Amino acid sequence: MFRRLRRTNFISSVSTKLFILTFMSVIVLFLVIGVFSYQRLFEPIKQDNEKVLQGSVVQVENYIKTLMNNIQTQLIFLSTPVLYNMGEKDFVQLMENVLTYHQEEISSIYVIEDNAVRISAPFGYRVYVPQERITEITNQTSKTGFWWSPPHTINDHFVLTVAKQIDNRRVVAMDVNLNALTGPQIIQDNPDIQRRIYLFTGQGDYLSTNTYLAYPKTYLNHLEMKEALQALTQQSGTSFNTVHTSFGNYKVLSSNQNRWDWFVFSVIEESQAFPLLESLKEQLVFVLLVAIILAFILSIWITNYIRKPVTAITKQFKAAARGELEARIKFKRNDEFTHIANGFNGMMDDIQSLFDDLRVAEEKKRHHELKVLQSQIHPHFLNNTLNAIYCLGETGHTQEMCEMIRSLMGLLQYSTDKVGDIVTVEDELAQLDNYVQIMNLRYGDVFVMDMAVPEIYNGTPIPKLTLITLVENSIFYGLSKEGVNHIIVCGKEHEGHGVLLEVSDTGPGIPPEKLKLLLEDSGTANPNKGLNNLGMRNVQERLRMTFGYAYGLHFANEPDEGLTVTIHLPAGESIEQG
């Protein structure tokens, strides 16, 4: 399509404008439908996904609540005074059984008696409990009977101490592993979604996370995320936020609706936060790509549907403007372009008909003019010929006078419309002999003529007076040269198709510029005082009008050596006389 626009401004092309308009219309239509559909589906899908995210936070809080209640129940059980009557060995075994059953959640169990750790599980844990912690536990439980400590670290692990007073002298305590509060097992709704849980105190202190921190990249991301989430602890209630790190964007749902006023953060990658919306976006992108492809194909089809007939019409209009009257538009379709094509074809038919009529009229006019020229006997020729005949009578040459009269009568009859325009070579040669006899009487022995045309060419058609006009030209131009002008008329077969007749002389020849003038000037009469007003230009024109442009006269002119005129005629059957 674009190669055909090389001579036309690209933007001004109708087909290009139509392509752009169609393409953009389809794209805009699909975009409007896509945006409208996306907006209608966005809010319900987003609300549904937010409920799922909120459920994960509630799940974590419920898990923490259940775990803490379970730990509190175990602590109440272990604080029963009657258990201490079973003996220290059996009580230690009981603590170890509880610790084994809750090994993920509880890191240690120990009994404080008289401000010192008496027994512990595991056994060596007692040495890691500082005296300040023992004193704090004893003081806090003496006030409330049951105490939850703030988070603190033991051996680089965040723990939470839960203590219950047994009696005035003894306290049982548990150190709860805070990492168990956000362990991977607490969220298992969708294993394909990587949801991270972070736990902070109400004061913004980091407690734990379920993020696997074995890889450097993950650890660096964890540090950035922890810093960003600490800023969010200044807010209360449940809210959605977006956190930006150097590793990506994340959706964060936070909540602190628990008895300890801890912040629970559920963190998920933005692409996974709203999976249905991401899927919808991907589908919209796919639909848009399909729309672009369909728009391109549709635009190409519509453009070609319009461009092809427009191109064909334009091509034929240009051909008509160049004068090619045979230009026609051909369509195998039934639409408005067909009506345009039919109107153009009808117009060209009318124009061609008018030109054909004009050409026929011009040819008829020219034929009539040539007939007039060939039928007009030159008065000077007739006067001189009659004077010569009169002189023959005065001198008593009766026989010669009769021959001359017979030749003149035959020539006059031949020149008029008594004979058709096209004759045979035999008829033309017979009248040429009459003409030569008359000219010999008038000019004497200034020229001689020999005719050597084989009889097989006698039936060849030739326009009347052709040979006579050429011989007459040789006679008159030969008068300007001293000596006898030898004129020869001969015939031979053409190598291709047709017959060649030659008229050659030994006269002075014709200068090229004068010969060109004689062949081009058709408006002037024959300058020679010969038989009629036909000249070589008229002879050439008659030959071509009769037989076509492949036939006519050909000249071989050599100054001072004579002129040779070759007549190319079509080979034809003999023309019947009459």
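**Salt bridges, helix faces and unusual backbone angles**

Me: Is Asp 114 buried, partly exposed or exposed?
Reply: In this predicted model, the relative accessibility of Asp 114 is 49%. Exposed would require over 50%, and buried would require under 20%. The value lies between these limits, so Asp 114 is partly exposed.

Me: What is the phi of Asp 114 near?
Reply: Asp 114 sits in the loop between strand 1 and strand 2. Most residues other than glycine have a negative phi. Asp 114 is not a glycine, yet its phi is positive, near 55°.

Me: Where does Leu 465 lie, and is it buried or exposed?
Reply: Leu 465 also has a positive phi without being a glycine, at about 75°. Its place is the loop between strand 14 (461-463) and helix 11 (466-478). The cut-off for buried is under 20%, and Leu 465 has 0% relative accessibility, so it is buried.

Me: Which peptide bond is cis, with omega near 0°?
Reply: Most peptide bonds are trans. The cis bond here leads into Pro 122, a residue of the loop between strand 2 (117-121) and helix 3 (131-144). With omega near 0°, it is the bond from Ala 121 to Pro 122.

Me: How many salt bridges does the structure hold?
Reply: One of them joins the side chains of Arg 322 and Glu 324, at 3.4 Å from N to O. In that pair Arg 322 is exposed at 59%, while Glu 324 is partly exposed at 31%. The count for the structure is ten.

Me: How many residues apart are Glu 113 and Arg 169?
Reply: The side chains of Glu 113 and Arg 169 form a salt bridge of 2.7 Å, N to O. Glu 113 belongs to strand 1 (residues 106-113), and Arg 169 to the loop between strand 5 (157-165) and strand 6 (170-177), so the pair links distant parts of the chain. Glu 113 is buried at 14%, whereas Arg 169 is partly exposed at 44%. Their separation in the chain is 56 residues.

Me: Which residue meets Asp 349 in a salt bridge?
Reply: Asp 349 is partly exposed, with a relative accessible area of 39%. Its side chain is 2.6 Å, N to O, from that of Arg 328. The two are 21 residues apart, with Asp 349 in helix 7 (residues 336-375) and its partner in the loop between helix 6 (275-321) and helix 7. The partner is Arg 328.

Me: Which residues are joined into one network by salt bridges that share partners?
Reply: A network arises here where salt bridges have partners in common. The residues joined in this way are Glu 88, Glu 113, Asp 114, Arg 118 and Arg 169.

Me: Within what arc do the buried residues of helix 4 fall?
Reply: Helix 4 (residues 216-232) has 17 residues and an expected span of 24 Å, which agrees with the 25 Å between its end C-alpha atoms. Its buried residues are Asn 221, His 222, Met 225, Leu 229 and Leu 232. Seen down the axis, these residues line one face of the helix, because they fall within an arc of 105°.

Me: Which residues are exposed on the other side of helix 4?
Reply: The buried residues of helix 4 are covered by elements including strand 7 (195-200) and strand 9 (239-245). On the other side, the exposed residues are Pro 216, Glu 227 and Ala 231.

Me: Which exposed residues does helix 9 carry on the face turned away from its buried side?
Reply: The buried residues of helix 9 include Met 404, Leu 408, Leu 411 and Ser 415. Its buried residues fall within an arc of 165°, so they line one face of the helix. The face turned away carries Gln 399 and Met 409.

Me: What share of residues 284-306 is helix?
Reply: The unreviewed UniProt entry places a transmembrane region at residues 20-38 and another at 284-306. For residues 284-306, the end C-alpha atoms are 32 Å apart and the strand share is 0%. The helix share is 100%.

Me: In which strand is Thr 566?
Reply: Thr 566 is buried at 15% relative accessible area. The residues it touches include Leu 500, Glu 502 and His 554. Its place is in strand 18 (residues 562-569).

How values were computed:
Residues are numbered from 1 along each chain as its sequence is written. This is a predicted model: local features need pLDDT of at least 70, side-chain atom pairs count only at pLDDT 80 or more; totals for chains, interfaces and linings use all residues. Side-chain values use heavy atoms; hydrogens and water are left out. A salt bridge is a side-chain nitrogen of Lys or Arg within 4 Å of a carboxyl oxygen of Asp or Glu. Helices (H or I, at least four residues) and strands (E, at least two) are DSSP runs, numbered from the N terminus. Buried means under 20% relative accessible area, exposed over 50%, partly exposed in between (1.4 Å probe, protein chains only). The expected span of a helix is 1.5 Å times one less than its number of residues. The arc is that of the directions from the helix axis to the C-beta atoms. Contact means heavy atoms within 4.5 Å. UniProt positions are given in the numbering used here, feature names are shortened, and annotations may be inferred rather than shown by experiment. Lists of a residue's contacts leave out its neighbours within four places in sequence.
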